[in-house]
Each structure stands twice: as structure tokens, then as C-alpha cells.
Amino acid sequence: MIALSVKQLTKTYANGAYALKGIDLDVAQGDFFALLGQNGAGKSSTIGIICSLIKKTAGKVIVFGHDLDTEPNKAKSLIGVVPQEMNFNSFEKISQVLLNEAGYYGIPSKIAKERMEMYLTVMGLWDMRDQTGFKLSGGMKRRLLIARALMNEPQLLILDEPTAGVDIELRHTLWRFLTQLNEQGTTIILTTHYLEEAEHLCKHVAIIDHGEIIEHANMKTLINRLDVQTMILDLAAPITTPITLNGYPASLTDETTLEVKIHRHQSINELFQRLTEQHIHVTSMRNKTNRLEELFIGLIADNKRGN
Ligand SMILES: Nc1ncnc2c1ncn2[C@@H]1O[C@H](COP(=O)(O)OP(=O)(O)O)[C@@H](O)[C@H]1O
Ligand SMILES: [Mg+2]
């Protein structure tokens, strides 16, 4: 089953800004999908249209087989959205924000109350239930938006930059929560500019650049396409003379830190053999940048060159 199908989606804003140039996307049921792109690439425009917050110029959006144009209520009932910008009424008690949301979906008040209690608790906001939005910290507001998106128990949850400006601890809590939700069957789409987050969470990925999809692939397949990885090796003892590791471009960034480039077809075992031969002991090793990030930068640069 296809959870979301977007066909030839186009958006031109009133001021003439061309945000989406006819994009196609397919997201399977049960997927955890990342929509990646630089600022201004068109992520929020895409999500806004899928969630009926923004009017499309042309194209089709189909949610679990329901066309957003011909069956808007059915399609909307299956979606939950966490927008990039906070858009709830801060004058209201946060419990009321959730109850109002349930009201939009015609959820009976008893069920609405149960869900409100459950999702405020899950998001660690139960103690704040009688406070207005003004009393919430940035992280709490983000969690409130997530609780609100869950009120209609959506089959498809869409999050636009859910962890932007969120501290590390909350980020990890959200990751665990979203992973669990996905394991229970909810299809999740998120946009993020933390590529580490996308690599960690997502099964499939699309990269959007200047309103066009330039990549749409399985995350593992995509990462495996990376030709060269740069590894940082911490050394047990300082090295003062330049070293050569036949076939592995290497440079010292300081006396105890070695940067080595490893091609996809090369073996790390062999690299370590060379290091051992030269009596160089390594205490730890890590990727210089996140692998998805290396790929992403390459793809965006290629697109700019018109490849
Ligand atoms: N309300 C708007 N009016 C005019 N242009 C807009 C509006 N919203 C977004 N844009 C433009 O559309 C393009 C895509 O923006 P957006 O979808 O917000 O990108 P992203 O979420 O990937 O950063 C950008 O060039 C942006 O300036
Ligand atoms: Mg955005």
C-alpha cells in the first residue's frame, strides 16, 4: 500500500517564487521517510500542500488511495502534521489546544479527553496541562505540537524539522518515540537538516533541491554509493614525521590525529595492517563527517553543475 503519492506537484507563490517544479514522491505504508534539502529547497512547501495548509498550483496528492482534491476529508483524517512554525493559540490552556484539535476531526469528547491525557503524558506535559502556551519552553512547545498531531491517531505522521533548536536529550527522546510509533505501524515522513538524524532514523530518503527531487532512494543503498569516506584516527603516541600508507591518502591534522581517506573498494583491515607494520597504534576511529552528509553535499554540488 502506498501511504503517500505525490505527482507532478507544482507551487508558484503569488510573488512569482517558483517553489516546486513538478515533483514526484512515493512513500510506502510503514516507511520512515526523510525529505532532505537545503534552506529554501521546497520541503515546507511540499509538506504544507500535503497537509492542506498551502494551496498547490498543480499536481496531485493521494493519501492511502484518497485524492486530496476529491476526498479531502478522508485524506486529511489520515494525516497528522507537526509544522515547522509554532501555530497554536498561546492564550489557551494546552489541554484545550488538544481538545480543539480533536473537535476539528469530530472525535467524541470522551475519546478526545482520553487521548489528550495520554498524549500529554507521553510527551511529558501532563503537569503543564492547565498552563497556557506562553508558559511553555521551546522544547515543550515542540512536544505539544507532536501531541496535537497525534490526536486523530494518524496513519501518516508528517514532521517538518521536528528537532530544530531542540536540546540533545529531547532530540533523543523524540527519536525513540518516533521509532516506536513507526514500529507500531505509523508511516512517518520528516524533513530535517540534521543528516545524522535522517541516517539514524529513516529507511528511505528523497533529496529536494531548488524545487526538484534530485534523489529518491533506499537509505542504505544511497549510503553505499559513497565512494570515499574520510576517517579520523586517534593515535596512541605522537608522530612527528610525515607518514605514507600505500594506497590510503593520509595526513596528520596534529601529532596524534590522522585523517585517512578510504575508497569504497578498499578494506579497512588492510589499512590497519599498514598501520601495524609502521607500529602506529590507533586508540579510536570515527567518520570525519556523517556519511549521508558527505553524499548530500556531493549531490547538491552535482545538481548545481547541472549533472
Ligand atoms: N509564503 C511564501 N511566499 C513566497 N515565497 C515563499 C513562501 N514560502 C516559501 N517561499 C519560497 O519558496 C521556496 C521554498 O521554500 P520552503 O518550501 O519554505 O523551503 P524549505 O522548507 O525547504 O526551506 C523558497 O524560495 C522560499 O523563499
Ligand atoms: Mg522549511
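Q: What makes the approach of a backbone N or O atom of S44 to an oxygen atom of ligand 1 a polar contact?
A: The two atoms lie 2.8 Å apart. A polar contact is a pair of N or O atoms within 3.5 Å (within protein, one must be able to donate a hydrogen and the other to accept it, and residues adjacent in sequence count only if both atoms are side-chain atoms), so this pair qualifies. The model is predicted: local features need pLDDT of at least 70 and side-chain atom pairs pLDDT 80 or more, while totals for chains, interfaces and linings use all residues, and side-chain values use heavy atoms, without hydrogens and water. Residues are numbered from 1 along each chain as its sequence is written, with chains lettered from A and ligands numbered from 1 in the order in which they are written.

Q: Which other atoms make polar contacts with ligand 1?
A: A polar backbone atom of K43 is 2.8 Å from an oxygen atom of ligand 1, and a polar side-chain atom of Y13 is 3.4 Å from a nitrogen atom of ligand 1. The residues surrounding this ligand (a heavy atom within 4 Å) include N15, Q38, G40 and S45.

Q: Why are S44 and Q84 called donors of the magnesium ion?
A: S44 (OG) and Q84 (OE1) lie 2.1 to 2.3 Å from the ion, ligand 2. Donors are N, O and S atoms within 2.8 Å of the metal (3.2 Å for Na, K and Ca), so both count; water is not among the atoms, so the site may look incomplete.

Q: What does this pair tie together?
A: S44 lies in helix α1 and Q84 in the loop between β6 (79-82) and α3 (94-104), so parts 40 residues apart in sequence are tied together.

Q: How do you know whether S44 and Q84 are buried or exposed?
A: S44 has a relative accessible area of 29%, and Q84 has 31%. Buried means under 20% and exposed over 50% (1.4 Å probe, protein chains only), so both are partly exposed.

Q: Why is R115 classed as it is by relative accessibility?
A: R115, in helix α4 (residues 109-122), has 17% relative accessibility and therefore counts as buried. Its side chain reaches the backbone oxygen of M151 at 2.6 Å.

Q: How do you know which strands are the edge strands of the open sheet?
A: The order is β2-β1-β4-β5, with antiparallel pairing. The edge strands, β2 (18-28) and β5 (66-67), each pair on one side only. Pairing needs at least two bridges found by DSSP; β1 (residues 2-12) and β2 share eight.

Conventions: Helices (H or I, at least four residues) and strands (E, at least two) are DSSP runs, numbered from the N terminus.
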